[in-house]
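Welcome! Here are some exercises to work through with the sequence and the 3D view side by side. Try each task before you read its solution.

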Amino acid sequence: MNALLIILLTLVGAAGWLTVTTREPVRQAVVAGILGLLLGLLFFVLQAPDVAFSELVVGSAAVPAMLLLAIAKVREQQASAARADDQSEPPGAGISGSQGGEAD
Amino acid sequence: MSVYPYLVAAWLLGCGLYGVITSRNYIHLTICLTVVQSSTYVLLLGVGYVNGGKAPIFAGISERSVVVDPIVQALTLTDIVVEATVVALLLALILQANKRYGTTDPDRTTRMHEE
Amino acid sequence: MNQLAPLCVAIPLVIAALLTFAGGFLSRIVVDLIATLTALASLVMTILLLVHVSSGLEVYWFADWRVTHGVAVGIDFAVGPIGAGLAAFVSLLMVLALVSGIRGLDVKHPYYQVLMLTFLAGMVGFCLSGDLFNMFVLFELMSISAVALVGYKVQEQAALEGGLNFAVINTIGGFLFLLGIGLVYSRTGALNLAQIGHYLAHSGNDRVVVVAFALIASGLLIKAAVVPFHFWMADAYAVALTPVCLLLAGAMSELGLYGLGRIYFSAFQPALAGHTAVLRAIFVSIGLLTSLWGGLMALAEDHLKRLLAFVTIAFIGVFLTGLGLLTADGVAGTAVYVLADGFGKALLFACAGMIQHRLGHLSQSRLHGLGRPLRVIGALFLAGGLLIASIPPFGPFLGKSMIEDAAVKAGYGFVPPFVVLSSALCGAAVLRAYARVFLGWGKAAEAKADDADRDTRPEAQDANDQTPLLQLLPACVLLAGAIGVGVWFGFADLAETAADRFTDVHGYMATVLSDSPHLLAPGHSSSPEWFDWLYCGAATLASLAFAAAGLWGRRYLPRACQVTDTVARALRPLRRTHSGQIGDYTAALTLGVGVFGGLLAITLL
Amino acid sequence: MRSGHSRGRLLTAAVGLVLLVGGFAWAVTDLPGFGHYHHRYGAYLAQHSVPQRAATNSVNVITFDYRGFDTLGEEFILFVAVVGVVVLLRRIRGEEEEGDEGAGEEQPRASESLRWLGVASAAPIAVIGGYVVTHGQLTPGGGFQGGVILMAAITVVFVAGEFMLLLRLRARAQLLEMGEAVGAAGLGVLGFAGLIATGIFFKNFLPHGSRGELFSGGFLFIANLAVGIEVAGAILMVLSELLDQRLLRRRS
């Protein structure tokens, strides 16, 4: 049990709490990505490179990408339900959702 | 201190469940479920750790060296796939629900028995 | 080594993948045919497997990784008669479900069929597996397939919500199961059930073992939907496609209990052997609570499929009571009852599907009297109702009397009256629905649109004034099954032998770990006693009486109605707990797991 | 916004969480201290995977050989999830797809240089993904991790603005799905091949090779490849389903 492990575990615990209490969806998806990143690092320290690798590609890339796409879609659906469908949306909002944390 | 990793697992379990219970948004709820799931990763990998053990990959180390338990790692790999699938399916359901009924709030459901 | 065990899981999986690959080029009927034939092949293989193992235990090691130096290296399928029988039952239901879907369902092929086949593979594999983690994987396979099938009707809000609730609660259940596996592995360093049992037999129980058992049992009880983990079930079962309902109600819930039994009688029983009485008390009380809750809710429900979902919950409670006795007799009774009652419930769901097909709705008050012309469906529904009310001497009667005998033998003489009450409530709910819909009896209530019924519609575009033969035929087979199980009393003896094998934990460990077959004492017969006829006759009569009271009580017995009104008012808070809100359900789940684990911890240590 | 949960729910949850988390924590304190394990099962497999299978990554050997049947189930969970996503996001009658016919007129949104950067970086990422997939039996990685990286290579092309490719992909969703199905079926067929060649489901039937070689470990190489194809197809399929919903809407 070394200091690095303790620090990482504490960070993971904190990131878990932060993920749950962040109620704004996009920010939450980003925080979830950070949690995935920290878990990946923790797994490296726990001598599990295979798992760390998977967690990095899934927990901090693929899953947040899915989440951001879904959030963007939900917003669009709600926005278009709220107002008439005639005006076009701001450009650029379309695709950025798939790029990790870059969405608004 | 030697049970700290398991306590972190317990903490993540509690956090995630708390989030699911109080969630006002299905997407938030989905993310909370992944937090619950991360508790299983931490428990499984924690259980298989051996002090001073190396990763169970015998590429640069002797076949006799002490390694951490490879089984739990294989189990966790499966677990991670399950995470991805659960998130994908839930998001599909959520998107479809939102498309048709314009809400992602789990508390605004139709089934309210008031007679 | 017999190759049937892996094949009846692998063939549906590979066919499912190939169907996805090629299904787009095939017409609907061809895909249906391939899927049905695959399920049929699985049925034949599981039956052959059942005959092959007869009363023994067949162990299959994947990739030939066997036990070496006392370590189970690979994954095994440990096939006993109960597991193989349940797998055959699941396959049979799947064949009937697929057949009934050919004409009665508008679905996007090949996806629906692919999901059904993977669902089948998950369930069959779960019945056969002898490895704790492998059980988890197959459990998830079946949950994920079921979620997609429950949410299938994406145009209905209720279906989406039902699917979401189902997915979230079952996912949490899966995590609890997995946490339990982590704790078990940390204590025993094994994943093979027999090896875990072997280790725990020597080390005894401690905190870790008890909490691990609590977590694993909770995960499986969530799948089985016992109180207070049952909330998701009515939401999900009411909205699933009818063929899916057959499987969900007929088999999937029961698989949760099967898993609990399998794990208890191979891994945990040696460690917890000294506490059988306590465990029995806990399981039986949860079971009875569930059966009464389900019965009362069924009586209060207007929507037919929701009503049947509550009936399913009630019966799950009775099954848990039987299994929770933790004796071979209890297991045997439960096995017979699961089979007979599975047929009965599937029959009723099939009838509900046909009603939906013909009349477009499922709300009793809306359907009042509309079913008069549907004589055949009515007759089937009536037969199903009577079976649910455990009319002697058919299948459910046999199973229930065996459970009651086992309870009395275990010193739980108070169990039979509760079970009778529960079947009476369920039977009354179904029979009253029959009288209302098909006979138009009772006062026509003002047709307030039930929320669950609001967007119910026929599941096929060409729903018209004819019931497709392919829907009717499976229902008739189900009826024959439910009746047949009881008419042949020899079935009870088979179940007794199978249950002896199922509960024989040391024989299980010896067969798996050292490959030495373990001989069993010859089974004993258990035909129903005189008082069983009395109990079940009472249940049937009480059903009829309750149903009649529900129909005309207000007119002829106004005094008695004040009592029932008071009861109904008292039940209202209970009904309101079925809010459809996932937060409420998860809160109840958390409390349930906490209390259950706490009880186990206090009593077992 | 936070208020509004019924008091009953919060009270239930509070008691439940205290009991559940408390009970769990109470149990784990009884575990032997962190890092003090010697699991016979894990130790046995760690020691024997190299001599028995000539592969150096024992996690990969466990995933695909010792516990290969778990992985078959796991791949089918992924497969089912993708089928489920396709089914749940399908358009039903009356919601006609708009925009498939106008695929050609879509103009890239990103700048030209960014686009080319994306296309250029896709190739090395794909190479890395391929490497990770094929070397799973030797070094950390394998079909699953590599599959996601392969998927990322294709995604990079999307993000760089190659809408053309995306839309063509959408038109060829069938193709993607077929690829995914082939990967999933591949692992099952591998099991059958073992059955036919050796008489036992999932038993290795290829020569082990020598330690450290690319083709060592018997059929691990093929298993990794099948899973890699399946995972790349599956995750790409999910993302493109989600993305597709979005694009169609925007273009209308």
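Before you start, please keep in mind that this is a predicted model.

**Exercise 1. Two residues with unusual backbone angles**

Task: Find where L326(C) sits in chain C, and decide whether L326(C) is buried or exposed.

Solution, step by step:

- Begin with the location: L326(C) belongs to the loop that joins α12 (304-324) to α13 (328-359) of chain C.
- Next, look at the backbone: the phi angle of L326(C) is positive, near 60°, and this residue is not a glycine.
- Finally, check the accessibility: the relative accessible area of L326(C) is 12%. Buried means under 20%, so L326(C) counts as buried.

Task: Now do the same for A63(C): in which loop does A63(C) lie?

Solution, step by step:

- A63(C) is placed in the loop between β1 (58-61) and β2 (67-68) of chain C.
- A63(C) is not a glycine, yet its phi is positive, at about 55°.
- With a relative accessible area of 3%, A63(C) is buried.

**Exercise 2. A cis peptide bond**

Task: Work out which loop holds P228(C), and what the omega angle is for the bond from V227(C) to P228(C).

Solution, step by step:

- Locate α8 (207-224) and α9 (231-237) of chain C; P228(C) is in the loop between them.
- Then inspect the peptide bond that runs from V227(C) to P228(C): its omega is near 5°, and the bond is cis.

**Exercise 3. One residue in a helix, one after a helix**

Task: Is H357(C) buried or exposed, and is G102(B) buried or partly exposed?

Solution, step by step:

- H357(C) is part of helix α13 of chain C.
- Its relative accessible area is 4%, so H357(C) is buried.
- For a sense of distance, take Y337(C): H357(C) is 20 residues from it in sequence, and their C-alpha atoms are 29 Å apart in space.
- Turn to G102(B), which is in the segment after α3 (70-101) of chain B.
- The relative accessibility of G102(B) is 37%, so it counts as partly exposed.
- Leaving out residues up to four places away in sequence, G102(B) touches Q78(A) and A97(B).
- G102(B) and I61(B) are separated by 41 residues in sequence and by 57 Å from C-alpha to C-alpha.

**Exercise 4. An enclosed helix in chain D**

Task: Explain why helix α3 (residues 58-66) of chain D is described as largely enclosed by the rest of the structure.

Solution, step by step:

- Go through the helix residue by residue: the buried ones include S58(D), V59(D) and N60(D) at one end and T63(D), F64(D), D65(D) and Y66(D) further along.
- Now count: nine of the nine residues of α3(D) are buried, so the helix is largely enclosed by the rest of the structure.
- At the start of α3(D), look for N57(D): one of its side-chain oxygens comes within 3.1 Å of the backbone nitrogen of V59(D).

**Exercise 5. Where chain D meets chain C**

Task: Describe the contact between chain D and chain C: how many residues does each chain give, and how many salt bridges are there?

Solution, step by step:

- Chain D brings 64 residues to the contact and chain C brings 77 residues.
- Together they bury about 6,000 Å², and 75% of this area comes from carbon and sulfur atoms.
- There are four salt bridges between the two chains. One of them pairs R67(D) with D131(C), whose closest N and O atoms are 2.6 Å apart.
- The interface also has 11 residue pairs in polar contact.
- On the side of chain D that touches chain C, the elements giving two or more residues are α1 (7-28), α2 (40-53), α3, α4 (68-88) and α8 (173-198).
- Of these, α4(D) gives the most, with 15 residues.
- By type, that side of chain D has 39 nonpolar, 13 polar and 12 charged residues.

**Exercise 6. Where chain C meets chain B**

Task: Find which element of chain C gives the most residues to the side that touches chain B.

Solution, step by step:

- The contact involves 46 residues of chain C and 41 residues of chain B.
- The buried area is about 4,100 Å², with 73% on carbon and sulfur atoms.
- The number of salt bridges between chain C and chain B is zero, and one residue pair is in polar contact.
- Elements giving two or more residues on the chain C side include α5 (132-150), α6 (157-188) and α24 (582-604).
- The element to name is α6(C), which gives the most, with 17 residues.
- That side of chain C is made up of 19 nonpolar, 15 polar and 12 charged residues.

Terms used:
Residues numbered from 1 in each chain as written. Chains lettered and ligands numbered in written order. Predicted model: local features only at pLDDT ≥ 70, side-chain atom pairs only at ≥ 80, totals over all residues. Heavy atoms only, no water. Helix = DSSP H or I, 4+ residues; strand = E, 2+ residues; numbered from the N terminus. Buried < 20%, exposed > 50% of the residue type's maximum accessible area, 1.4 Å probe, protein only. Contact = heavy atoms within 4.5 Å. Buried area = accessible area lost by both parts, 1.4 Å probe. Salt bridge = Lys/Arg side-chain N within 4 Å of Asp/Glu carboxyl O. Polar contact = N/O pair within 3.5 Å; in protein donor to acceptor, adjacent residues only side chain to side chain. Nonpolar A, V, L, I, M, F, W, Y, C, P; charged D, E, K, R; others polar.
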